[in-house]
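The following exercises invite the reader to examine a protein model step by step. Each task is followed by a worked solution.

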Amino acid sequence: MRMELLERYRDFLNKDLIPYTPREGSVGYLCAEGHIAAALIGEGRAYYRGELSDSKTALHRAGMEPFVLSYKEGLALLNGTSSPTALAAVAVYDLLKAVESADLVAAMSFEMLGGLLRAYDERVLNCRPQKELLETADIIKRMLHGSQVTKKAEGTHVQDPLSLRCIPQLHGAVKKTLRDAWAAVEVEINGCADNPIVCGAADDPQVFSNGNPDASYVGIEMDSACIAATAAAKMSERRNVRFLDEKLSPYPYFLIKKPGLNSGLMIPQYTQAGLLNDMKILSTPASVDSVTTSANQEDYVSMGYNACKKALGIAEKFEYVLAIELLSAYQAQQFVDPSLTRGEGTKAVLEAMKDLVPVMEEDIYLYPYLEKLRNWIHDGGLLESAGCVLKSEKNRK
């Protein structure tokens, strides 16, 4: 396609003109791409500055006219893995940020639940030298550097539950899966998935009908990313439960001073359970399914679009699950001796959280604070709050 066509799509973004595109009804790409391209030529509908109208009206308001396509451009706009790749790019970006945030949330819980860092000894971890495993353990230890709370827990029990002991193993596996997905998406963004592909000189063109528009790469990667994120979320929920059950922690039920009279943080765990159920449903792979289309010419389809679409939902739910665990780790602070020094990283996070949530001594309306924490995670604020501590500690090493 011509450069001016690509520039017109760029103008759409710069002028806040967004084609109306139904999210459902695609096995790979054609439907979504078709709706986007329709707005380009003055068909279909589009949003201009948030207001939906027919595309001709939207184009006029944005100071543009319908675009006149040249040869091959109609096919190029429809074919390829553009929409699943775009969805995958956003999803994997958010998921990577979420799992990095999960390291910090887990460190907060590890400290408040009396975790034993002996399980993170380098001699132990180097017996299984997975890169991401070692990286995660290092982050947890740097977050907890100088923690008297963690030091006090030494010798109090033989070993921790798996949700504390296996953080590096699970988070490491999740990171590897997501980084593999990132690499695949990077190649897709920079590759050509058109059909047909035209090669050769202008006086001797070679036209190749091909299978490059297949969305299996991003589809299978996003199915795997959904499974990985759900695995991390299920561990987060289990750590959170340990905070709320008086039999599993030194804290009162539901992290409230007068349980029974107050519900404390009981209901947010319900929310975690509901979110986790949704995540498990969304973790059912789309790419293993196939429904024949196009009168059996497309006798197999990748279902990559659906895999990438559901990854976006997984990312958002994962952030909420982490926000709920983080809220519990914060509220547990009021029951721990304030004279005990917190870890350098966890202390930095706690300081930042003072501006986001109050210490809950009796029941309050929690929803706004959960939204604040989820947005804080999504926007990278949690990572930023501990960033300086982690960087300086790494430099010292």
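**Exercise 1: Backbone at two loop residues**

At 37% relative accessibility, Asp16 counts as partly exposed. The model is a predicted one.

Task: Determine where Asp16 lies and what is notable about its phi.

Solution. Step one is to place the residue: Asp16 belongs to the loop between α1 (3–14) and β1 (17–19). Step two is to read the backbone angle: phi of Asp16 is near 60°, a positive value in a residue other than glycine. Step three is to classify the exposure: partly exposed covers the range between 20% and 50%, and Asp16, at 37%, therefore falls into that class.

Task: Carry out the corresponding analysis for Phe254.

Solution. Phe254 is found in the loop between α11 and α12. Although Phe254 is not a glycine, its phi is positive, at about 60°. Its relative accessibility is 24%, so Phe254 counts as partly exposed.

**Exercise 2: A cis peptide bond**

Task: State which peptide bond is cis at Pro196, and locate this proline.

Solution. The bond in question runs from Asn195 to Pro196, and its omega is near 0°. Pro196 itself is situated in the loop between α10 (167–189) and β4 (197–201).

**Exercise 3: Packing of two helices**

Task: Describe how helix α11 and helix α12 are arranged relative to each other.

Solution. Begin with the geometry: α11 (residues 216–244) and α12 (residues 266–282) pack at an angle of about 160°, and their axes are 10 Å apart. Angles over 145 degrees count as roughly antiparallel; α11 and α12 are therefore roughly antiparallel to each other. The crossing in which α11 passes α12 is left-handed.

Next, identify the residues that meet. On the α11 side they include Cys226, Ala229, Ala233 and Leu244, while those of α12 include Gln269, Leu276 and Met279. By class, this contact comprises eight nonpolar, five polar and three charged residues.

**Exercise 4: Nonpolar cores**

Task: Identify the residues with the most contacts inside the largest nonpolar core, and list the contacts of Leu373.

Solution. The largest nonpolar core has 87 residues, and those with the most contacts inside it are Met222, Phe243, Phe318, Met353 and Leu373. With neighbours within four places in sequence left aside, Leu373 is in contact with Ala323, Leu326, Leu327, Met353, Leu356 and Val357. There is also a second, separate core of 14 residues, among them Ala46, Tyr48, Met64 and Phe67. In soluble globular proteins, nonpolar side chains tend to be buried together.

Notes: Residues are numbered from 1 along each chain as its sequence is written. This is a predicted model: local features need pLDDT of at least 70, side-chain atom pairs count only at pLDDT 80 or more; totals for chains, interfaces and linings use all residues. Side-chain values use heavy atoms; hydrogens and water are left out. A nonpolar core is a set of buried Ala, Val, Leu, Ile, Met, Phe, Trp, Tyr and Cys residues joined through side-chain atoms within 4.5 Å. Buried means under 20% relative accessible area, exposed over 50%, partly exposed in between (1.4 Å probe, protein chains only). Contact means heavy atoms within 4.5 Å. Axes are lines fitted to C-alpha atoms, for helices over the stretch in contact, and angles run from 0 to 180 degrees between N-to-C directions. Helices (H or I, at least four residues) and strands (E, at least two) are DSSP runs, numbered from the N terminus. Angles under 35 degrees count as roughly parallel, over 145 as roughly antiparallel, 65 to 115 as roughly perpendicular and the rest as oblique. A crossing is left-handed if the near helix is turned anticlockwise from the far one by less than a right angle, and right-handed if clockwise. Ala, Val, Leu, Ile, Met, Phe, Trp, Tyr, Cys and Pro count as nonpolar, Asp, Glu, Lys and Arg as charged, and the others, Gly among them, as polar.
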